[in-house]
Amino acid sequence: MKKNPSLIGLLSVCGLAVLVFLFYNVFLNKKDGYVIGNPSNQTITININNKDYTVAPQQQARIELPKGKTKIVYTFNNKKTDTIVEITRGNGFINPTKQEYITFTRPYGIRKNKDSIFLSHHLTIDNKVYQGIIEKSSQLYIENFYYNIDQDYPKMFIKSTGSEKATDLSKIFNKEDFKQFYFENYE
């Protein structure tokens, strides 16, 4: 049987394409979406756009929502909330307990004075100063981040070649997870 170099080349390219696709989906692909968090010790049922979602204590639930005006109705600690929020991004966090959450922005890539930019911003949490671009929020709906609470920062970040634009990626944390993350990465 005679070997066909064209067929071998085609099969090699196809195999490489499959490997790149699998690598992207396993390691690099980020699934956008919305998460309802429940850090309390009671079950919460929340009605969003006339659909009920039940979130167990100390759990979170990922849901799909359309962009635009979203009606949220629920009762927590004998206080009823009936409001409309505007969803403008592909990622969001619904905080029915209105607990404090932290958004941390991590700079990626090469830039001048990256350390001084990092050190010039700070926030005090529980009487301790944390350096970096950090925001606290206890709003019902939070969307000022790139990675949601159920996602991790990437182990590696691939930046397009020729792009000199600075890249900052932000992630939302509950307060205790943020303190642990900061301790592991910056102390």
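**Close-up views of the predicted model**

**Figure 1. The aromatic cluster.** Phe104, Tyr130, Tyr146, Tyr147, Tyr153, Phe173, Phe178, Phe181, Tyr182 and Tyr186 together make up one aromatic cluster. The model shown here, as in every view that follows, is predicted. Aromatic pairs number 15 by the rule applied here. In the pair formed by Phe173 and Phe178, the ring centres are 5.8 Å apart and the planes meet at 65 degrees; this angle is over 60 degrees, so the pair is classed as edge-to-face. Both partners are assigned to the interior: Phe173 counts as buried because its relative accessibility is 6%, and Phe178 counts as buried because its value is 0%.

**Figure 2. The tyrosine pair of helix 3.** The ring centres of Tyr182 and Tyr186 lie 5.4 Å apart with their planes at 35 degrees, so this pair is tilted. The two tyrosines are 4 residues apart in helix 3, which spans residues 175-186, and about one helical turn therefore separates them. Their surroundings can be described residue by residue. Tyr182 has a relative accessibility of 5% and so counts as buried. Tyr186, in contrast, has a relative accessible area of 30% and is partly exposed, given that this class lies between 20% and 50%.

**Figure 3. Charged side chains over aromatic rings.** The charged end of Arg106 is placed over the ring of Tyr153, at 4.6 Å from the ring centre. A second such arrangement involves Lys171, whose charged end sits over the ring of Phe173 at 4.7 Å from its centre. Both rings belong to members of the aromatic cluster, which includes Tyr153 and Phe173.

**Figure 4. The second largest pocket.** The volume of the second largest pocket is about 380 Å³. Its lining consists of 20 residues, and those nearest the pocket centre are Ile149, Lys171, Phe173, Asn174 and Asp177. Two or more lining residues come from each of strand 1, strand 4, strand 8 (101-108), strand 13 (167-174) and helix 3. Strand 13 makes the greatest contribution to this lining, with 4 residues. Lys171 and Phe173, both among the residues nearest the pocket centre, are also the partners in one of the charge-over-ring arrangements.

**Figure 5. The largest nonpolar core.** The largest nonpolar core has 18 residues, and the members that touch the most others are Ile36, Ile46, Ile48, Ile63, Leu65, Ile72 and Ile94. Elements giving two or more residues to this core are strand 1 (33-38), strand 2 (44-48), strand 3 (51-55), strand 4 (59-63), strand 5 (68-76) and strand 6 (79-87). A second core, separate from this one, comprises 14 residues, among them Tyr130, Tyr147, Tyr153 and Tyr182. These four tyrosines also appear in the aromatic cluster. Within the largest core, Ile63 serves as an example of the packing. When residues up to four places away in sequence are not counted, Ile63 touches Gly33, Tyr34, Ile36, Ile48, Tyr53 and Ile94.

**Figure 6. The surroundings of Gly92.** Gly92 lies in strand 7, which covers residues 91-94. Its relative accessibility is 0%, so this glycine counts as buried. Leaving aside residues up to four places away in sequence, Gly92 touches Gly33, Tyr34, Val35, Tyr141, Ile142, Glu143, Phe145 and Asn148. Gly92 and Arg62 are 30 residues apart in sequence, and their C-alpha atoms are 10.0 Å apart in space.

**Figure 7. Two loop asparagines with positive phi.** Asn50, although not a glycine, has a positive phi of about 65 degrees. Asn50 is located in the loop between strand 2 and strand 3. With a relative accessible area of 73%, Asn50 is exposed, because this class begins over 50%. Asn127, likewise not a glycine, has a positive phi of about 65 degrees. Asn127 occupies the loop between strand 9 (122-125) and strand 10 (128-131). The relative accessible area of Asn127 is 80%, so Asn127 is exposed.

**Figure 8. The protein chain as context for the close-up views.** The protein chain contains 3 helices and 13 strands. Of its 187 residues, 36% count as buried. Among contacts with a separation of 6 or more in the chain, 64% are accounted for by residues 24 or more positions apart.

Note on methods: Residues numbered from 1 in each chain as written. Predicted model: local features only at pLDDT ≥ 70, side-chain atom pairs only at ≥ 80, totals over all residues. Heavy atoms only, no water. Core = buried A, V, L, I, M, F, W, Y, C linked by side-chain atoms within 4.5 Å. Buried < 20%, exposed > 50% of the residue type's maximum accessible area, 1.4 Å probe, protein only. Contact = heavy atoms within 4.5 Å. Phe/Tyr/Trp six-rings, centres within 6.5 Å; stacked < 30°, edge-to-face > 60°. Lys NZ or Arg CZ within 6 Å of the ring centre and 35° of its normal. 1 Å grid on protein atoms, 1.4 Å probe; cavity = no way out; pocket = protein on both sides within 12 Å on 5 of 7 lines; lining within 4 Å. Points joined across faces, edges and corners; volume = space filled by probe spheres on them.
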